[in-house]
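The exercises below ask you to reason from the coordinates of a single chain, one step at a time. Try each task on the structure before reading the solution that follows it.

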Amino acid sequence: MGGTPVLVDCDANGVIVPQLVAAAITPRTKAIMPVHLFGWICDMEAINAIAKKAGVLVIEDACQAHGAVWQGQRAGSFGISAAFSFYPAKNLGAYGDGGILVTPSKEVADRVRVLRNYGSRVKYEHVDLPFNRRLDTIQAAVLRVKLPHLDKWNARRQFLADAYREHLADLPVGLPPPAEAGRHVYHLFVITAKDRDALRTDLTEQGIETGIHYPIPVHRQPVIQSMGFSAGSFPQAEQLAAHSLSLPMYPELPLAHLERVANAIRRHYEGPHPTLPRERGRE
C-alpha cells in the first residue's frame with residue numbers, strides 16, 4: 001500500500017510490546033498490526049487502548065492463533081480486520097495453501113470482496129485494481145469439515161504443552177507460558193536454549209525433527225536492508241532468533257512420543273537417564 005513499516009521489539013513470548021507501540025506512534029501512523037505468534041494472543045486490551053487514543057486502526061495477524069480465546073474473545077475479533085492462514089500445518093489447515101480475512105466492517109468486507117475477485121462486483125466490470133485471491137472450493141470444503149474439530153484439537157495441544165512443561169521444567173531451557181484459559185493454542189511449542197544449535201543437532205541424530213521459527217528476525221531480512229536497521233536494533237527479537245527451537249507439536253502427537261522428546265532433551269543436558277515414568281491418567 002506504499003506505507004513504511006515501523007518495527008518495535010517483542011517480549012520473551014515473541015509478541016509485540018504495547019509500551020513500545022505507544023512510544024512509536026506518530027501523526028503519520030495509520031494502523032497497528034500485532035502478530036499473535038506461535039498461537040499466543042497479544043495484549044489486545046492495551047493495544048486497542050493505544051489505537052483508540054491515537055485514532056488508528058488495529059489489523060490483526062491471527063495466522064497462528066486459530067481458535068485462541070482471551071477475555072471472552074477469539075483471536076481475530078479485536079481489530080477492524082484480521083488475517084488467518086490455512087497453510088496445512090496450521091491449527092486449522094487446508095489441503096493446500098489458503099487464507100481468509102475476517103472483519104466486522106461492512107465497508108471493509110465489500111472492498112475485500114471486490115479486490116479478491118478481479119476488482120469486480122459484476123462479471124467483466126472492473127471497478128478497482130484487481131487481484132485474484134479467491135479461496136479454492138476444494139480448500140473451503142476441507143476447512144468446513146475440519147472447523148468443528150478445532151476447539152478439540154486446540155485442547156489437545158494445550159494438554160501436550162502442559163505435559164512438555166512438566167517434563168522439561170527442571171532443565172535449563174525456556175518454556176512458553178501456560179494457556180491462561182485459552183489464550184495460547186500452541187500452534188508451535190517453542191523453547192529457548194543457550195546451546196540451541198547443539199541441542200538441535202543432538203535431537204536430529206536421535207531421529208527427532210525440530211524447527212527454528214524464525215532464524216532471521218524481520219529487521220535483518222535482506223528485503224528491508226534499505227531501512228537501515230543494524231544488529232542490536234531489536235535485542236529481544238534477535239535473542240529469540242538465536243535461541244528458539246520448536247519441538248514436535250500436533251494434536252495427534254502420542255504422549256509416548258512427547259516423552260521420548262523430553263527424554264532426549266534431558267539426556268542432552270544430564271547424560272544417560274532412566275526413562276521418565278508416564279503420568280498416570282494421561283493418554
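## Exercise 1: Backbone angles and a cis peptide

Glu 180 lies in the loop between α5 and β9, and the model in which it is found is a predicted one.

Task: determine the phi of Glu 180 and of Tyr 186, and decide for each residue whether it is buried, partly exposed or exposed.

Solution. Begin with the general expectation that most residues other than glycine have a negative phi, and that most peptide bonds are trans. Glu 180 has a positive phi, near 50 degrees, although it is not a glycine. Its relative accessibility is 46%, so Glu 180 counts as partly exposed. Next, Tyr 186 is also found in the loop between α5 and β9, and its phi, again positive in a residue other than glycine, is near 50 degrees. Tyr 186 is buried, because its relative accessible area is 0%. Finally, turn to the peptide bonds: the one that joins His 213 and Tyr 214 is cis, with an omega of about 15 degrees, and Tyr 214 lies in the loop between α6 (196-205) and α7 (235-243).

## Exercise 2: A buried lysine

Task: find where Lys 90 lies, and establish which side chain of opposite charge is nearest to it.

Solution. Locate the residue first: Lys 90 belongs to the loop between β5 (81-85) and β6 (99-102). Then look for a charged partner; Lys 90 is buried and has no salt bridge, the nearest side chain of opposite charge being that of Asp 61, at 6.9 Å, whereas a salt bridge would require a separation within 4 Å. Now consider polar atoms of the backbone, where the oxygen of Cys 63 lies 3.3 Å from a polar atom of the Lys 90 side chain. To complete the surroundings, list the residues that Lys 90 touches, leaving aside those up to four places away in sequence: Cys 63, Gln 64, His 66, Ser 85, Arg 157 and His 187.

## Exercise 3: Cysteines and disulfides

Task: state how many disulfides the structure holds, and explain why Cys 10 does not form one.

Solution. Recall that a disulfide is a covalent bond between the sulfur atoms of two cysteines. The structure holds zero disulfides. For Cys 10, the closest cysteine sulfur is in Cys 42, and because the separation is 10 Å, the two are too far apart for a bond. Cys 63 is likewise in no disulfide, with the nearest cysteine sulfur, that of Cys 42, 12 Å away. As for accessibility, Cys 10 is buried at a relative accessible area of 14%, and Cys 63 is buried at 18%.

## Exercise 4: Two helices

Task: compare the span of α5 with its expected value, do the corresponding check for α8, and identify what packs against their buried residues.

Solution. Helix α5 (residues 150-168) has 19 residues and reaches 27 Å from its first C-alpha to its last, close to the 27 Å expected at 1.5 Å a residue. For α8, the 16 residues reach 22 Å, close to the expected 22 Å. Then examine burial: the buried residues of α5 include Trp 153, Arg 157 and Tyr 164, and those of α8 include Leu 258, Glu 259 and Ile 265. The cover over the buried residues of α5 includes α4 (137-146), β9 (189-192), β10 (244-247) and α8 (255-270), while the buried residues of α8 pack against α5, β9, α6 and β10. Lastly, Gly 271, just after α8, takes a positive phi of about 85 degrees.

How values were computed: Residues are numbered from 1 along each chain as its sequence is written. This is a predicted model: local features need pLDDT of at least 70, side-chain atom pairs count only at pLDDT 80 or more; totals for chains, interfaces and linings use all residues. Side-chain values use heavy atoms; hydrogens and water are left out. Helices (H or I, at least four residues) and strands (E, at least two) are DSSP runs, numbered from the N terminus. Buried means under 20% relative accessible area, exposed over 50%, partly exposed in between (1.4 Å probe, protein chains only). Lys and Arg count as positive and Asp and Glu as negative; His and the chain ends are not counted. A polar contact is a pair of N or O atoms within 3.5 Å; within protein, one must be able to donate a hydrogen and the other to accept it, and residues adjacent in sequence count only if both atoms are side-chain atoms. Contact means heavy atoms within 4.5 Å. A disulfide is a pair of cysteine sulfur atoms within 2.5 Å. The expected span of a helix is 1.5 Å times one less than its number of residues.
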